[in-house]
Amino acid sequence: MNQISERYAEAVFDLAKEENKLKEYKEEAKSLGTLITADVIHFFGLKKVSKEEKKECIKEWFKDYSDTMRHLLCLLVDVNRSAYTLDILKTFVSKCNEALNIKEVRVYSARKIEDKNRQEIINAISNKYKSDVELIEYINPELVAGIKVVIGGKEIDTTFRKRVDLMKKELLKEGW
């Protein structure tokens with residue numbers, strides 16, 4: 001994360017706390033993070049389109065979002081910082097999760113995790129960290145079997161792919 005993203009995220013975070021809307025703004029930021037694609041960021045950076053036209057587009061495209069989130073997007077257009085939008089939103093969500101005592105957990109698996117297993121993962125992490133858990137699933141068929149769990153900077157990898165890689169490394173180390 002860079003200083004620019006940190007500064008803007010901190011400002012929105014302070015405003016959300018002041019307005020007692022951490023949860024609402026966090027959900028909006030997550031939603032915006034999925035809607036704002038590389039093409040949208042590219043559009044915001046176009047010199048041929050005036051800042052006023054860009055801000056009108058923001059007001060129309062994101063009319064169902066809070067004034068605060070729309071104002072943030074317009075401000076980023078005004079100060080030519082739109083390239084940082086996704087990083088700002090991600091940093092803001094992280095700050096909200098920390099303040100709300102929510103652990104963001106990424107789980108990678110070869111196929112969709114069954115509801116029963118998902119709940120077991122959530123319960124185990126929730127009990128260990130004494131916090132709520134927000135589980136984000138990623139499907140990667142190359143993993144073959146098992147799961148990889150990432151919490152903050154910690155990684156627990158029980159995938160078949162990892163086991164094969166470790167076995168390969170051991171075999172090569174032994175001079176096979």
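I began with the largest pocket and asked which elements build its wall: α2 (22-35), α6 (85-99), β1 (102-109), β2 and β3 each supply at least two residues of the lining. I keep in mind throughout that I am reading a predicted model.

I then looked up which of these elements gives the most to that lining, and found α6, with 10 residues. For the volume of this largest pocket I noted a value of about 820 Å³. The lining counts 29 residues, and those closest to the centre of the pocket are Lys90, Val93, Ser94, Asn97 and Glu104. Sorting the lining by residue character, I recorded 11 nonpolar, seven polar and 11 charged residues.

Next I turned to the strands, since β1, β2 and β3 had come up in the pocket lining. I traced an open sheet of four strands in the order β2-β1-β3-β4, in which the pairing is mixed. At its edges I found β2 (132-139) and β4 (154-157), each of which pairs on one side only. I also noted how neighbouring strands of this sheet lie against each other: on average they are turned by 20 degrees, with direction ignored.

Last, I followed one pair of strands in detail and asked how many bridges join β3 to β4. Strand β3, residues 147-151, is joined to β4 by four bridges, and the two run antiparallel. Within β3 and β4 I looked up the partner of Val149, and wrote down that this residue stands opposite Ile156 in β4. My entry on β3 therefore has two parts, as I leave it here: β3 supplies at least two residues to the lining of the largest pocket, and β3 is bridged to the edge strand β4.

Methods: Residues numbered from 1 in each chain as written. Predicted model: local features only at pLDDT ≥ 70, side-chain atom pairs only at ≥ 80, totals over all residues. Heavy atoms only, no water. Pairing = 2+ DSSP bridges. Axes fitted to C-alpha atoms, helices over the stretch in contact; angles between N-to-C directions. 1 Å grid on protein atoms, 1.4 Å probe; cavity = no way out; pocket = protein on both sides within 12 Å on 5 of 7 lines; lining within 4 Å. Points joined across faces, edges and corners; volume = space filled by probe spheres on them. Nonpolar A, V, L, I, M, F, W, Y, C, P; charged D, E, K, R; others polar.
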